[in-house]
Amino acid sequence: MVAARGPVGQAHEVPERCSALQDEVLAVLASMEGLAYLGEPVSQLIHALEAGAALRTTGADDELVLAGVLHDVGRTLAARRPGQPHEVAGARWCAERFGERVAYLVGAHVAAKRVLVATDPGYSALLSPTSVATLEAQGGPADQDEVAAFSTGRWPDDALALRRADEAAKDPDGRRLSLAEVVELVERVAGAGTPR
Ligand SMILES: [Fe+2]
């Protein structure tokens, strides 16, 4: 293990030898360190690591936790495709590296927000002012047909769990995964099989 610069300037232990995929994930996360998160009080990197930690706390499996870490990767230049919504760009980036389920969960996180707003009044009350503002641009609350279509997806409950973690991951002092934990996650998910 070696020390590497990590979130908010803290030293983080990461493995001395990483695979190309692990290096790629670390690089894309590093690119998120200096990115503001749409007016939220955390950087994109802290948001990502807190989303992963929130899911881990609920007992989520590795793919779901990794999807939580990577759900906004489409906001980075590394994954951005001109004109593509960030959830679509992120899903494509993840599909090429981690397979169908991680890609689905990343791609569904905006739709999951719209579904939760439409179906769970308690969730709406938790939205940050920024999240309320972006909801409008994202299409507002899902209508009945959209809720029904969402529920027929392959992993709708996991997508909703990711979205709840997304909303909770905006605390400057919140619990977060370490980069070493993310590296281990990448190894376990990628090692579990080739992209599906
Ligand atoms: Fe997010």
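Reader: Hi! Before we start, what does "buried" mean here?

Author: Hello! A residue is buried if 20 or more other C-beta atoms lie within 10 Å of its own. Keep in mind that this is a predicted model.

Reader: Okay, so how much of the protein chain counts as buried?

Author: Of its 196 residues, 41% count as buried.

Reader: And how many helices and strands are there?

Author: The protein chain has 11 helices and four strands.

Reader: Which residues have the most contacts inside the largest nonpolar core?

Author: Those are L66, V69, V102, L105, L162 and V182, in a core of 53 residues. Helices α1, α2, α3, α4, α5, α6, α10 and α11 each supply at least two residues of this core.

Reader: Which helix gives the most to it?

Author: That's α2, with eight residues. As general background, nonpolar side chains tend to be buried together in soluble globular proteins.

Reader: L105 was on your list. What is it in contact with?

Author: Setting aside neighbours within four places in sequence, L105 is in contact with L64, A67, W155, D158, A159 and L162. L105 is also one of the buried residues of α5.

Reader: Is α5 mostly covered or hardly covered?

Author: Mostly covered, since seven of the eight residues in α5 are buried. They are R101, V102, A103, Y104, L105, V106 and G107.

Reader: What do those buried residues pack against?

Author: The buried residues of α5 pack against α3, α4, α6, α10 and α11.

Reader: Let's take α4 from that list. How do α4 and α5 cross?

Author: Their axes come within 7 Å and cross at roughly 170 degrees. That makes α4 roughly antiparallel to α5.

Reader: Which residues make that contact?

Author: From α4 you have E87, V88, G90, A91, C94, A95 and F98, and from α5 there are E100, V102, A103, V106 and G107. By class, they divide into eight nonpolar, two polar and two charged.

Reader: What about the span of α4 by itself?

Author: Helix α4 covers residues 86-98, and at 1.5 Å a residue its 13 residues should span 18 Å. The C-alpha atoms at its ends are 17 Å apart, which agrees.

Reader: Nice! Which residues of α4 are buried?

Author: E87, A89, G90, A91, W93, C94 and F98 are buried. They pack against α3, α5, α6 and α11.

Reader: And what follows α4?

Author: G99 does, and its phi is positive, near 90 degrees.

Reader: New topic: how do α6 and α10 pack?

Author: Helix α6 (residues 109-119) and helix α10 (residues 156-168) pack at an angle of about 85 degrees, and their axes are 9 Å apart. That makes α6 roughly perpendicular to α10.

Reader: Who touches whom there?

Author: The contact is made by H109, A112, K113 and L116 of α6, together with A159, L160, L162, R163 and D166 of α10. It has five nonpolar, one polar and three charged residues.

Reader: Tell me about K113. Why does it count as buried?

Author: K113 counts as buried because it has 28 C-beta neighbours inside 10 Å. Not counting residues up to four places away in sequence, K113 touches L135, Q138 and R163.

Reader: How far is K113 from Y123?

Author: They are 10 residues apart in sequence and 8.9 Å apart in space, C-alpha to C-alpha.

Reader: What about R56, is that buried or exposed?

Author: R56 is buried, because 20 other C-beta atoms lie within 10 Å. R56 lies in helix α2 and touches V65 and L177, leaving out residues up to four places away in sequence. The C-alpha atoms of R56 and L66 are separated by 9.4 Å, with the two residues 10 apart along the chain.

Reader: Last one! How many residues of α8 are buried?

Author: Zero: helix α8 (residues 129-137) is hardly covered, with no buried residue among its nine. Just after α8, G139 takes a positive phi of about 110 degrees.

Technical notes:
Residues are numbered from 1 along each chain as its sequence is written. This is a predicted model: local features need pLDDT of at least 70, side-chain atom pairs count only at pLDDT 80 or more; totals for chains, interfaces and linings use all residues. Axes are lines fitted to C-alpha atoms, for helices over the stretch in contact, and angles run from 0 to 180 degrees between N-to-C directions. Angles under 35 degrees count as roughly parallel, over 145 as roughly antiparallel, 65 to 115 as roughly perpendicular and the rest as oblique. Two residues are in contact if their C-beta atoms, placed from the backbone, lie within 7 Å. Ala, Val, Leu, Ile, Met, Phe, Trp, Tyr, Cys and Pro count as nonpolar, Asp, Glu, Lys and Arg as charged, and the others, Gly among them, as polar. The expected span of a helix is 1.5 Å times one less than its number of residues. A residue is buried if 20 or more other C-beta atoms lie within 10 Å of its own, exposed if 12 or fewer, and partly exposed in between; C-beta atoms are placed from the backbone. A nonpolar core is a set of buried Ala, Val, Leu, Ile, Met, Phe, Trp, Tyr and Cys residues joined through C-beta atoms within 7 Å.
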